[in-house]
Every structure is written in C-alpha cells, then in structure tokens.
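Tutor: Let us examine some assignments in the model shown below and ask, for each one, what justifies it. Please begin with any label you wish to test.

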Amino acid sequence: MPIMLGFDPSGLLLEPGQGLARQLYQGLRGRILAGALAAGVRLPASRELARLLGVSRNTVTVAYEQLLAEGFLDSRPGDGTYVAGATQALSDQTGTPPVAPQAPVSAPSGAPRAFQVGIPAMDLFPFATWARLQQRFWRHPEAALLGYRAPGGEPRLRRLLCAYLRQARGLVCTPEQILITTGAQQAIELCARLLLAPGALAAMEDPGYRAAGLALQSGGARLQGVPVDGAGLVVDRLAHQRDCRLVYVTPSHQYPTGAVLSLPRRLALLDWARQTDGWIVEDDYDGEYRYQGAPLAPLAALDRHGRVLYVGTFSKIAFPGLRLGYLMAPPALVPELLALQRAGIRHLDSATQTVMADFIEQGHFQRHIRRMRRAARSRRDALLAGWPQVTGCAVPSVPVAGLHLCLPVESLAREAELVAKAAAVEVELNPLSRYWLAEGPTPPDARAGLVLGFAAVPEERIGEALARLQEAWS
C-alpha cells in the first residue's frame with residue numbers, strides 16, 4: 001500500500017521501552033503544529049503505519065485516538081483519518097511554528113505513585129482540548145454566566161448529563177432532577193441534611209467509604225455499619241435497624257471490597273426502602289469502569305417508588321481536582337435540595353460547567369471514557385500479571401470493575417508490615433483496616449488487608465513498582 005500523499009513516516013523513530021504510543025503521539029502532533037503535516041493530509045491506516053514503524057497496531061490506535069480526541073485529526077468513516085482543517089489556523093497565527101501545548105499524555109507535575117487509590121489515568125486526559133475550550137469561554141464570555149446563577153447548575157450541562165445518564169445508565173430522568181455539585185461529597189451532604197434529623201440513624205457499608213460517613217454525619221446523624229460479603233451489602237441486616245431510614249450504598253462496585261450487589265439484594269433493598277419509607281443514597285463513583293459486559297444498571301434505574309438518590313462524579317473520568325459531581329433526586333425532593341444548595345454555596349463555577357458542557361457536546365467525553373476504560377483494564381492486567389512474582393502476599397482476584405483491587409491479609413500486624421515496607425520503596429498501599437467503622441463487631445485481625453489502585457500510572461511504572469515490592473517483601 002503506498003504512503004498517503006503528503007505523509008512521510010521517516011523521522012518517526014520510536015525508542016523501545018519509552019512509551020511508544022506517547023512518542024508517536026508527540027511526533028505526529030509536533031509535525032502538525034509545525035505545519036509539516038498540513039490540514040487535509042490523509043494519514044496511513046493504523047495497520048499500515050504499524051507495519052512501517054515496526055510497532056503494534058494498538059500503539060498506533062492509541063496515538064490516533066488521542067489526536068482525534070484533541071481535534072488534531074478528523075475521522076471520516078469509510079474514507080480514512082485526516083489532519084483536521086482547524087490545525088491550519090495554529091500555524092497561520094504567526095510566521096513561526098506555534099509553541100506546542102503541554103502534552104496531555106505526559107504525567108502532570110507531581111504525578112501520583114503506584115498504587116494510589118482513587119486516582120484515574122490523568123496522564124491520558126486531553127488537557128490541550130480542555131484548555132482550548134476554556135480559552136474560548138474566556139475570549140467571549142456571556143455576561144449572564146459571569147453574574148449570580150441559580151442553584152442546581154447550568155441548564156445546558158444538566159440537559160447533556162441527563163441525556164448521558166439515560167443512554168449510558170438507563171435512568172429515566174429529566175434535567176430538572178439533576179443538581180450539579182462540587183463533587184460527590186457535597187451531593188451526599190445535601191442528602192444527609194435534607195433527609196436526616198440530628199441524632200437520626202444512617203446505615204452504610206462496613207467496610208465502606210469513610211468520607212461518605214463524614215458527609216452523613218455533617219447534619220448530626222449517627223452511623224450504623226452493615227456488613228458486606230461477596231454479594232455486596234447484607235440487606236437482611238437492615239431489618240435489625242428499626243430506626244434507620246437512610247442507607248448509603250455503592251452497589252455497582254462496593255468500596256473498597258469490589259463486590260457487586262446481587263440482583264436479589266438490589267430488589268430487597270428497594271423493597272426495604274418502600275416498606276420503611278426509607279431512602280437509598282446510591283454512589284455510582286466509578287460506574288464507567290466495567291470490564292465484562294456493559295456497565296450495570298444502577299439501583300435508580302430499578303426504582304419505581306422514588307426512593308433512590310443517585311450520586312455521580314466526573315473525578316474518576318477527568319481528575320479529582322475538577323471538583324464536579326452531580327445528584328439525581330426524585331422530583332418531590334428537588335425544591336428542598338435546591339433551597340439547601342442555595343443557602344450553602346449559592347451557585348457553582350459557571351466557567352467549569354460550561355467547559356464541561358462543551359466537552360460533552362463535542363463528543364470528547366464519550367471518546368475519553370472509552371480510552372480511559374481501555375487504559376484502566378490494561379493497567380489492571382499489568383498489575384495482575386506481575387503480582388505472582390511478588391512474594392509475601394496472596395494473589396488478588398481479578399476485579400471486573402473499578403479502579404482498584406482489594407485483598408485480605410492474615411493480621412493487622414502483617415498489614416502494617418507490608419504497608420511500611422512498601423512505603424520504604426515509595427510504593428503506596430492503603431490498609432484495608434482504615435475503611436471499617438471503629439465501633440463495628442468485626443474482630444481486628446479480620447479487618448486486615450490491602451487496597452491498591454491500578455489506574456493512576458502507566459504499565460511500565462506498575463512493573464517498576466512491583467519489582468520494588470518484590471525486593472522489599474522478599
């Protein structure tokens with residue numbers, strides 16, 4: 001197959017072991033910014049370029065997808081991949097090649113360590129695309145967006161998010177039911193302040209997400225732990241909490257054990273809420289990351305009686321510092337939730353919401369989700385493949401969802417030893433014992449374990465961290 005007119009692969013020399021997809025991305029992007037690859041040039045098919053460069057097709061696909069997501073390339077179904085017309089303006093702005101924006105595939109300054117929990121693959125976020133959308137907002141800002149705004153969030157973002165939740169999660173909702181929040185934490189706090197009187201009893205998974213417990217306690221609630229097993233929350237135990245009218249749960253991927261709430265228990269939990277006039281706060285914190293089949297339908301999609309408040313976040317798809325989450329509530333609760341939000345923070349940052357709306361509307365969000373899911377699965381597999389070489393701990397089971405895995409350890413003393421030795425070689429492990437409520441009935445040594453995030457760093461850094469662990473634990 002001949003090389004496409006205007007494209008010359010010479011000079012795209014890739015060094016083995018240095019992140020081939022990154023090198024190819026940076027090489028192609030540099031040529032586009034310098035004008036060496038002009039607008040309208042058709043690039044070779046991924047298979048052909050992989051053959052020419054002597055790399056895998058996946059390497060080329062990852063580089064192409066990053067350039068497509070950032071607007072440097074256009075994909076024309078049935079025709080091929082071309083340098084985008086908009087890139088001509090980058091070279092035409094000055095007589096010299098423009099300064100390339102910071103490579104979004106490079107790890108940000110102060111990059112996370114392996115195996116930090118709760119951090120997505122921030123090295124893959126299209127920061128250049130995000131920066132362009134921000135620049136467009138501030139170049140010609142709408143006067144209305146710079147003034148005081150109504151609570152609940154920007155209407156356009158709520159509409160787009162509603163469409164996404166209907167399509168990706170099967171939720172039957174309206175934009176008016178969605179409140180944009182400063183992260184999932186604020187969404188949980190709003191639920192607690194509305195639904196829990198001071199001194200009221202709230203149930204949560206044990207072990208569970210401790211920050212959610214703090215949010216529930218923000219209005220003075222008392223916490224009661226409910227045990228978790230391989231099928232998720234043990235719903236039958238709620239019958240023993242006769243004064244409880246609210247339960248916080250992570251059904252799609254229990255935090256931190258990774259259990260998935262079984263369908264019988266989902267139905268039983270919804271039945272509990274109906275019979276007791278109770279409420280369920282469902283935190284779907286990493287629902288986009290499902291590695292076997294489609295993402296699971298949330299509890300809220302099964303709710304027929306308006307008892308579920310659904311919490312989501314952009315932190316696991318973009319980056320935690322974005323501080324952007326959302327709450328989908330039953331219609332009857334929305335007016336009071338808006339009043340609480342108005343009294344607390346009045347309104348949120350309009351610029352960030354507008355940029356996120358553009359990010360979704362232009363298709364970047366969905367493409368980025370697909371890229372992040374593939375990357376997380378690949379990094380999960382790298383951790384699992386290297387783990388048997390590490391001595392001193394059991395082989396973890398394969399997580400089917402999420403960004404972390406959890407494995408038991410025989411005692412608290414052993415847990416502390418493993419965590420300390422890992423820290424000594426700059427590897428971060430979270431002790432499972434920190435996720436339990438202090439007053440729960442579980443014996444101390446039964447709380448021991450390790451929680452490892454696998455999404456934050458590339459595969460090669462995972463391998464390096466595992467080698468250090470093997471040496472430290474031997």
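Student: Why is serine 411 called buried?

Tutor: The relative accessible area of serine 411 is 16%. Buried means under 20% relative accessible area, exposed means over 50%, and partly exposed lies in between (1.4 Å probe, protein chains only). Serine 411 is therefore classed as buried. The model is a predicted one, in which local features need pLDDT of at least 70 and side-chain atom pairs count only at pLDDT 80 or more, while totals for chains, interfaces and linings use all residues. Residues are numbered from 1 along each chain as its sequence is written, and side-chain values use heavy atoms, with hydrogens and water left out.

Student: Where is serine 411 found, and with which residues is it in contact?

Tutor: Serine 411 is in the loop between strand S12 (404-408) and H14; helices (H or I, at least four residues) and strands (E, at least two) are DSSP runs, numbered from the N terminus. Leaving aside neighbours within four places in sequence, serine 411 is in contact (heavy atoms within 4.5 Å) with Asp445 and Ala448. In addition, a polar atom of the serine 411 side chain lies 3.1 Å from the backbone nitrogen of arginine 414.

Student: How do you know that arginine 51 forms a salt bridge with glutamate 48?

Tutor: A salt bridge requires a side-chain nitrogen of Lys or Arg within 4 Å of a carboxyl oxygen of Asp or Glu. The closest N and O atoms of arginine 51 and glutamate 48 are 2.6 Å apart, so the pair meets the definition. Both residues lie in helix H2 (residues 46-53), 3 residues apart, about one turn of the helix. Arginine 51 is exposed at 55% relative accessible area, whereas glutamate 48 is buried at 10%. The structure holds 16 salt bridges.

Student: What makes the salt bridge between glutamate 361 and arginine 156 a link between parts that are apart in sequence?

Tutor: The closest N and O atoms of glutamate 361 and arginine 156 are 2.8 Å apart. Glutamate 361 belongs to helix H12 (residues 350-361) and arginine 156 to helix H6 (residues 155-169), so the pair ties together parts that are 205 residues apart in sequence. Arginine 156 has a relative accessibility of 23% and counts as partly exposed.

Student: Which parts of the chain does the salt bridge of arginine 307 and aspartate 277 link?

Tutor: The side chains of arginine 307 and aspartate 277 meet at 2.9 Å, N to O. Arginine 307 is in the loop between helix H10 (299-302) and strand S10 (308-313), and aspartate 277 is in the loop between helix H9 (263-276) and strand S9 (279-283), 30 residues apart. Arginine 307 is buried at 11% relative accessible area, while aspartate 277 is exposed at 52%. As for shared partners, salt bridges join Arg136, Arg156, Asp358 and Glu361 into one network.

Student: What makes the phi of aspartate 277 worth noting?

Tutor: Most residues other than glycine have a negative phi. Aspartate 277 has a positive phi of about 60 degrees although it is not a glycine. Glutamate 426, likewise not a glycine, also has a positive phi of about 60 degrees. Glutamate 426 is in the loop between helix H14 (412-424) and strand S13 (430-431) and counts as exposed at 53% relative accessibility.

Student: Which peptide bonds are cis?

Tutor: Most peptide bonds are trans. A cis bond joins alanine 114 and phenylalanine 115, with omega about 5 degrees; another joins tyrosine 255 and proline 256, with omega about 15 degrees. Phenylalanine 115 is in the loop between helix H4 (87-92) and helix H5 (127-139), and proline 256 is in the loop between strand S8 (244-249) and H9.

Student: Why are cysteine 162 and cysteine 173 not counted as a disulfide?

Tutor: A disulfide is a pair of cysteine sulfur atoms within 2.5 Å. The sulfur of cysteine 162 is 3.6 Å from the closest cysteine sulfur, that of cysteine 173, and this is too far for a bond. Cysteine 173 is therefore in no disulfide, and the count by this rule comes to 0 disulfides. Cysteine 162 is buried at 5% relative accessibility, and cysteine 173 is buried at 4%.

Definitions and conventions
A polar contact is a pair of N or O atoms within 3.5 Å; within protein, one must be able to donate a hydrogen and the other to accept it, and residues adjacent in sequence count only if both atoms are side-chain atoms.
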